[in-house]
Structures are given as C-alpha cells and as structure tokens.
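Trainee: Could we go through this structure together, one question at a time? I would like to see how each answer is reached.

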Amino acid sequence: MMFRSKIKWVALGGLVLSFLSLLVHMFLANTSVELVQYSVMTQFIEDLNIDVVGKQSVRSKKLWKKVKSLEVLQPYANPRSIYPVPVEQNNGFIYAKVFGEFEKIRSSICDLVAISRLLNATLVIPEIQESTSSKGISSEFKSFSYLYNEEQFITSLKNDVIIVKSLPTKLKDARKRKEFPTFKPKKTASPDYYIKQLLPELKKSKVIGLVVMDGGCLQPILSSKFVEYQRLRCRVAFHALHFRPEILSLANLIVQRLRASGQPYLAYHPGLVRDSLAYQGCAELFQDVHTELIQYRRAQMIKQKILHDNVSVDSFARKMNGSCPLMPEEVGILLRAMGYPPTTRIYLAGSETFGGQRIMIPLRAMYTNLVDRSNLCHKHELTKLIGPEPPIPSPPSNSLPTTKPPKPEWNQAGPRPRPLPPPPNRPIYQHEKQGWYGWVTNQASEPEPSGTDLRDKAHRLLFTALDYIVSIESDVFFPGFNNDFSNLVMGHRLYDMASSRTFRPDRKFLANLFNTTRDRNWSVMVRKHLNDSLAEEGLERQGGDSKRVSFLSHPVPECCCTIGRKPGKDTCPKWMADSLAKVREQEGESEEGEDEVDEEEMDLDDGRKVSDEVSLDEDVEMDPND
C-alpha cells in the first residue's frame, strides 16, 4: 500500500510539473517575437572610435558639434507690441475642413488660427479629413485628437484666439442643413481677401465654413504690419500643436533606443515622394513601372491644372538644375566624404519612400546601421499607437473572377499521342488586383482608394508624426529634397535650436560636382560646401527658396531674437540672455575636462598622426572609376 501511494504522489507531481512546463512554453511562445525584435532594436554595429562610456574621438566630435556662428539666434515668438486678449463677444464662429497629408495639415491649422485672430472670430477645432471615422480608424479618437492634444491646443492659445471643440447645438443643426456660407480659399490668399470678402459674410451669418485643400489658406510672406500674425503662426506650430501622449512617448522611446550606449544619430529624409517627383519631372531617374507611375501622376496634375508643363520632360536636365532629389547612393557618398564612419546610426524618416527598400540598398551597403521605425518598435507598440479599429467590410465582388469554363475537348481528348488543346486561362485572384501592380498594366486610370487604402493613409499620419519628432531631436539632419516634410523639420530645428547641425545642400551645385571626375580635390569641395550649408550661407539660400512656399520652413527673423549684439528691436530680453549665459557656463565647466583629454590625444606622436590622416584621405578620395 505504501508503495502504491508513493507511485500516486510521484505521478501527481509529474502532472503538476508537466502543467507548469506547458505554461512556461506558452509564455515563451508569446514573448519570443518581442525578444527577437528587442535584440534588433539595440544591436547596432558600434563605432570603434567610441569607447564603452560613449566618449568620442576628436575627429568624430567635429561631425556632431553645434554651429557656433548660429548660437546667437534664439527662439522668441512672444508678442512685441500691443496685443489685446480675445473676448467672447466677437464676430462669430469659423469651422474648417482640412485636407492633405501631415505637412499640409500642420501648416493649414497654423493659418486657420491666424485668420481667426485676424477676423476676431471663435475657431472651432479643425476637422482633419484624413483621420475621420469614415476612414475606419479607432473610435477612441476624433479627427483632430487622432494626431494632436486638444486640451493643450486650446489652453496654449487662450490669449490669442478663443477655440471651442464644436459649434453650439442650434448652429450645429443649421450647419447640417447647409445654411452657412462655405469658402475654399487659396494658399496664396492675402489678409485683404479675408477682411474685404469673408468678414462681411461672417458678421452677417455669424458662422462661416472654410475648406482648406492646398496645405494652407494664408500667403506665407506678409507685410511688416502683420508681423504679429507671423509670430502667432510660430506659437501655434512650435508650442500649441503638441502630439497626443501616445505619439510623444513612442517617439521618445525611439530616440532613446537610437542613442543607446551614448552614441549620436543622424536623421535622413530621402524626399522620394511620388507627387514631388511627378511635379518636378523626375520620372526617368527610376526604372520600369515606377517611371510609368510617376508619369501617370504628372498627367493627372496637368489635367487638374496643378501643373502647367509637358508630361514628358528631360529628367536629367532637371536633375542638373537641382530640381530633383538626391538619390540615396549620392547621400551615402556625401556622408562618407564628410567623414561619417560606416557605423554611423542613420534614421530613415518619411512614411513614404517611392521605390521601396530596393532603392535604399546602396545606402544600406555603405551604412549598415540604417534603420527606420519598423526596426526600432515592437509590433504591439505600433498597434497600441493606432488603437482598436473596426474590421473593414469586404467588397461585394467574389474573390474568384468569372472565367470561361474549359472547352469540352479538353476533357474529352483522345488517346495519346494526340496533342491536347491549350489549358484554360488561370483565374486572377482578388489579392493580385490590389495596389499599383494590379492596375498599371490592365487599366488606363488609377482606381478609387479602397477602405484599406484610406485606413493606411490615416496610419501614415501617425508614422510621419513619429518621424517628425525623431528628426527634430536628431543630432544631425540631412534632407534629400526640400519638400514639405523636410522644410517643416528644418524650420522647427531652426526655431528650437538654430545651432543644431542641419545640412542645407545646394542640389544644383552637387549635381554638377557629381559629374566632375578629374578634380583631385573633389572630397575637399564636398566638405567645404556642406560645412558652409550648415551656417549663414546655407541658411540664406534655404530661406529664399522655401519661405515663399511655407513660412514655417524659415521662421527667421520674425520668431527669433539675437544675443550678444547691440540693443535693437530683434535683441533678446535681458532675462533670456542671463539664463542662457548660466547654461553656457555650466556646459563650459563640464567640457573642460574633455577638452584636456582631447588635447592629449592630439599630442600623440607625429608619425602615427600623419599616417592616420593619410589613410583617411586615401579612403575618402578614391578614384571614381574604381
């Protein structure tokens, strides 16, 4: 009996251990994918010039240090003249529908706030059409709150404009009955247009609607008497438009993972967007079906009178003129010429890179630490950011298309060696019809976007917001093309910290330089041009080109002040100069020790120093024919 009872206890213990082992295996199965992803996120190829503590060599430091000549520029967008606080007894309400992608949405919201201040009206929080519930997004968010923090937006601008979440009930019902006038202002609309044409309508009906489709509704450059409205645009873009907490926390997490082990990182935006490529006529820079897709979009723009030009243009002439973006392999060559080592951490920004991963292969071969959000985020982190979404109803059509039945002779063929007739056509399934590869060879026109396409477009807003934050926080930013996203990032970096390293390359100069093969000082010319683009020369060139398109791309001098110069209208207040002086003193004390060590490194034996420099020059200045 004792022997049998022991056997029972042993069997029971075995069952318990088997059950516990099963639970452990299930837990590991659920978390194994996350463990693998986490190893991808942190396992960068380390730079041999940086030790365990994260201390950089003298040569590496020069690639990441701030631009001293621009340290005098400081952000200062506060009003500098008489600026009355808005009152509730005003001319009425303005509601707006905003169309477009991330960059156009951000610029449009800033313009709407400035217009509401100009017309002394209450602004209803704009409706972002790309993120409405009809696009299949999560029911947790309204259109504006899908991207931005509503409460922060209202509170930050309480001294500028009265903002409400929705119209009063009676006015809301009247809006549904379409009793209020609606206007579609152009991006180049002047303040006089609003004062002379919209203000009388606003006073008459007390409510007007605006439909903003061009990425703005107020001209970028205003006269000097409207300078306070330019500063208001800066306060909206750089202080009031805060992303919702989920976006901020995930973006900060990406930055922490990029800066693991104390290394800096470079953000690169290729600017390879289909609309930009079609508008500039850069189709021939690509191959096969991509060229056809760009040309189709260009024909659409001409038909819609967005573009007044021929469909077929010489893309290589446009490239030499600086109208086309720098290709990823060209950016890799420029970064190597500047001295950035192959282990540099590069974050690939931009939710759309036309050409896909294939076009990034040359740059990835030169810089193995090229990553994007998909490499640095868990799948569940991105899913949590998007929120729970309802299933998209499937289209009513059958997955199998109607095909002709096999001919009778196929099944009733005689005995061999009699040849059989050709087999019936293979049916084309629904998944083979989706995307550009499903229509470009079979149809003459691009199909309407499906429910999945609309939802993906809304998701792209969130992913672009993540890239926007990571690009602003980066130690170095390099734009492949001055499109809307790059211009916004450069403008934000110029406002927040003008001395941060932001390259502003002249693509026309570089295109001619890439065609130069006999100049032995090629790498020296590249370094000189790119170093000059970091300072005043690049700032003036970029400001002249981009400010005519978007004020937020170059908010200087309206939204900044200067330190260390003679007193004037653009001089920073004394309290700001004193606080910055204290910060610089603290930074100087912390860097004294590092400078002493750097000098010791520079005082090494001359033979090793000269040999290192020669090897570096030999590596940079290769024969282009090799």
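Trainee: Are Phe226 and Tyr229 buried or exposed?

Mentor: Happy to help, and keep in mind that this is a predicted model. Buried here means under 20% relative accessible area. Phe226 meets that description, and Tyr229 does too, so the word for both is buried.

Trainee: How is the aromatic pair of Phe226 and Tyr229 classed?

Mentor: A search of the whole structure gives 15 aromatic pairs. In the one formed by Phe226 and Tyr229, the centres are 5.9 Å apart and the planes meet at 55°. Planes under 30 degrees apart would be stacked and over 60 edge-to-face, so the remaining class applies. This pair is tilted.

Trainee: And which class fits the rings of Tyr468 and Phe485?

Mentor: Their centres lie 6.3 Å apart, and the angle between their planes is 75°, so the pair is edge-to-face.  Tyr468 belongs to helix 18 and Phe485 to helix 19, 17 residues apart, so the pair links distant parts of the chain. Both Tyr468 and Phe485 are buried. The class you asked for is edge-to-face.

Trainee: Which residues do ring pairs link into a cluster with Tyr468 and Phe485?

Mentor: We have just met Tyr468 and Phe485 as an edge-to-face pair. Ring pairs join these two into a cluster with Phe102, Phe144, Tyr148, Phe153 and Phe243.

Trainee: Which residue has its charged end over the ring of Tyr83, 5.3 Å from the centre?

Mentor: Two arginines need to be told apart here. Arg117 lies over the face of Tyr83 at 3.8 Å from the ring centre. The residue at 5.3 Å is Arg235.

Trainee: Where in helix 6 is the kink?

Mentor: Helix 6 covers residues 191-205, and its 20 Å from first to last C-alpha is close to the expected 21 Å. A proline, Pro200, comes shortly after the kink, which is about 45°. The kink lies at Leu198.

Trainee: What do the buried residues of helix 6 pack against?

Mentor: The buried residues include Tyr194, Leu198 and Leu202. Their partners are strand 2, helix 3, strand 6 and strand 7.

Trainee: Which strands stand at the edges of the open five-stranded sheet?

Mentor: The strand order is 10-9-8-11-12, with parallel pairing. An edge strand has a single partner, so one of its sides is left without a neighbour in the sheet. Those strands are 10 and 12.

Trainee: Which residue in strand 12 is the bridge partner of Phe477?

Mentor: Strand 11, residues 476-479, runs parallel to strand 12, and two bridges join them. The partner of Phe477 is Thr502.

Note on methods: Residues numbered from 1 in each chain as written. Predicted model: local features only at pLDDT ≥ 70, side-chain atom pairs only at ≥ 80, totals over all residues. Heavy atoms only, no water. Phe/Tyr/Trp six-rings, centres within 6.5 Å; stacked < 30°, edge-to-face > 60°. Buried < 20%, exposed > 50% of the residue type's maximum accessible area, 1.4 Å probe, protein only. Helix = DSSP H or I, 4+ residues; strand = E, 2+ residues; numbered from the N terminus. Lys NZ or Arg CZ within 6 Å of the ring centre and 35° of its normal. Expected span 1.5 Å × (residues − 1). Bend = angle between axes of the 7 residues up to and from the residue. Contact = heavy atoms within 4.5 Å. Pairing = 2+ DSSP bridges.
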